[in-house]
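Please open the model in a viewer and keep the sequence panel visible. The tour proceeds by selections, each followed by an account of what is found there.

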Amino acid sequence: MKAINKVIAGLGLTVALGLGASSAQAAGGHGCGTYKDVEGKEQTLHCESAPIDLTNKPSIQRGASMFMSYCVGCHTAQYVRYSKMYKDLDIPKELVEKYLMLTTDQVGDHITAKIDPELQSSWFGAAPPDLSMETRLRGNDWVYTYLLAFYEDPSRPWGSNNIVLPNAAMPHVLHDMQMNTSKEQYRQNIGDIVNFMAWMAEPQAHQRKIYGFWVVLFLLALLIPVYLLNKEFWKDVK
Ligand code: HEC
């Protein structure tokens, strides 16, 4: 139990009583569950706010690279094609082929897991879910907090546990990264991974905002001739 409290303090996760659930819901749309403190009291866990910025391509590119190295060993992202990735994220095709396509050799392919999910189900006791839509399903903040919330727990088969998803079947796959980088760098890396996952869940989101802006601008600009025409038409009637 002490270990959990240390992780919570270390992560800077905001923990509060009572009010927690509703404000976490209001802030991130999804709460991050509860945990029991040293006295066995139920405490609410606020989700950390994920640094999502779909205009930050370098961050999404870094996230893509880490996602390919650390996650697709087990998880699929079946709605995303490699070709979409290199086109939309401005990653040269050669680099995608060389560094990102670890599980297949066709750029038109979807992202599949290296290890057969059924086999994994028997190893981990739970099949790793497809992650294409994960951030929409759980919310960006939930995924970000979940990835930050692994801690050592010798009682678990893989020696790790998770505050947000207690007894998670997923091992702490970023353990080495966490040991070998500063806390800030580690958080930034996880932020980049979640930023990539947010892009993956809705690759059109950023584009849509840009279109929205021009459409509104066009409608506003259209008001001027419409107003003048209206004046012209009614001139003789009055
Ligand atoms: C060794 C295999 C493995 C690797 C590598 C792995 N995961 Fe997982 N992951 C799992 C398993 C198994 C689960 C199911 C956990 C459960 O339900 O208890 C899971 C669950 C998850 C979930 C929670 C899904 C949900 O909604 O309940 C997220 C999010 C996730 N993984 C993200 C990642 C990310 C991001 C990476 C790369 C940094 C990654 N995983 C790497 C095996 C893995």
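A residue counts as exposed if 12 or fewer other C-beta atoms lie within 10 Å of its own, and as buried if 20 or more do. The model is predicted, and every selection below should be read in that light.

**The whole chain**

Begin with the entire chain, which has 11 helices and seven strands. Of its 238 residues, 27% are buried. Among contacts with a separation of 6 or more, 69% join residues 24 or more positions apart.

Colour the chain by confidence next. The mean pLDDT is 83, and 85% of the residues reach 70 or more. Now select residues 12-29, where pLDDT stays under 50. For this stretch the model has 29 contacts beyond four places in sequence.

**Two loop residues with positive phi**

Select Asp90, in the loop between H4 and H5. Is Asp90 buried or exposed? Asp90 counts as exposed because it has 10 C-beta neighbours inside 10 Å. Its phi is positive, about 55°, although Asp90 is not a glycine. Most residues other than glycine have a negative phi.

Move to Asn167, in the loop between strand E7 (160-162) and helix H9 (175-180). Asn167 also has a positive phi, about 60°, and is not a glycine. With 12 C-beta neighbours inside 10 Å, Asn167 counts as exposed.

**Gly33 and its contacts**

Select Gly33, which is placed in the loop between helix H2 (20-28) and strand E2 (34-36). Its 19 C-beta neighbours inside 10 Å are the reason why Gly33 counts as partly exposed. Add Leu45 and Val164 to the selection: Gly33 touches both, not counting residues up to four places away in sequence. A distance drawn from Gly33 to Thr44, C-alpha to C-alpha, should read 6.2 Å, for a pair 11 residues apart along the chain.

**The largest nonpolar core**

Now turn to the interior. The largest nonpolar core has 41 residues, and Leu147, Val194, Phe196 and Met197 touch the most other members. Helix H3 (57-70), strand E4 (77-81), helix H4 (82-88), helix H5 (93-100), helix H8 (140-148) and helix H10 (183-201) each give two or more residues to this core. Which element gives the most? H10 does, with nine residues.

Select H10 by itself. Its 19 residues, at 1.5 Å a residue, should span 27 Å, and the end C-alpha atoms are 27 Å apart, so the expected and modelled spans agree. The buried residues of H10 include Ile190, Ile193, Val194, Phe196, Met197 and Trp199. Among the elements that cover the buried residues of H10 are H3, E4, H7 and H8.

Next, select H8. Nine of its nine residues are buried, among them Trp142, Tyr144, Tyr146 and Leu147. To see a link between H8 and H10, select Leu147 with its contacts: beyond four places in sequence, Leu147 touches Ile190, Ile193 and Val194.

From the next residue of interest, Leu148, draw a distance to Gln178. The two are 30 residues apart in sequence and 9.7 Å apart in space, C-alpha to C-alpha. Gln178 belongs to helix H9 and counts as partly exposed, because it has 16 C-beta neighbours inside 10 Å.

**The ligand and its surroundings**

Display the ligand, which 23 residues surround. The closest are Cys71, Cys74, Pro128, Ala169 and Met170. By class, this shell has 19 nonpolar, two polar and two charged residues. Helix H7 (134-138) and H8 each supply at least two residues of the shell; H8 gives the most, with three residues.

**Leu131**

For the last stop, select Leu131, in the loop between helix H6 (117-124) and H7. Leu131 counts as buried because 24 C-beta neighbours lie inside 10 Å. What does Leu131 contact beyond four places in sequence? The residues are Cys71, His75, Ala77 and Met197. Of these, Cys71 is also one of the residues closest to the ligand, while Met197 is one of the core residues that touch the most other members. A final distance, from Leu131 to Cys71, gives 9.3 Å between C-alpha atoms, with their positions 60 residues apart in sequence as the separation.

Conventions. Residues are numbered from 1 along each chain as its sequence is written. This is a predicted model: local features need pLDDT of at least 70, side-chain atom pairs count only at pLDDT 80 or more; totals for chains, interfaces and linings use all residues. A nonpolar core is a set of buried Ala, Val, Leu, Ile, Met, Phe, Trp, Tyr and Cys residues joined through C-beta atoms within 7 Å. Helices (H or I, at least four residues) and strands (E, at least two) are DSSP runs, numbered from the N terminus. Two residues are in contact if their C-beta atoms, placed from the backbone, lie within 7 Å. pLDDT is the predictor's confidence in each residue, from 0 to 100. A residue is near a molecule or strand if its C-beta atom, placed from the backbone, lies within 6 Å of it. Ala, Val, Leu, Ile, Met, Phe, Trp, Tyr, Cys and Pro count as nonpolar, Asp, Glu, Lys and Arg as charged, and the others, Gly among them, as polar. The expected span of a helix is 1.5 Å times one less than its number of residues.
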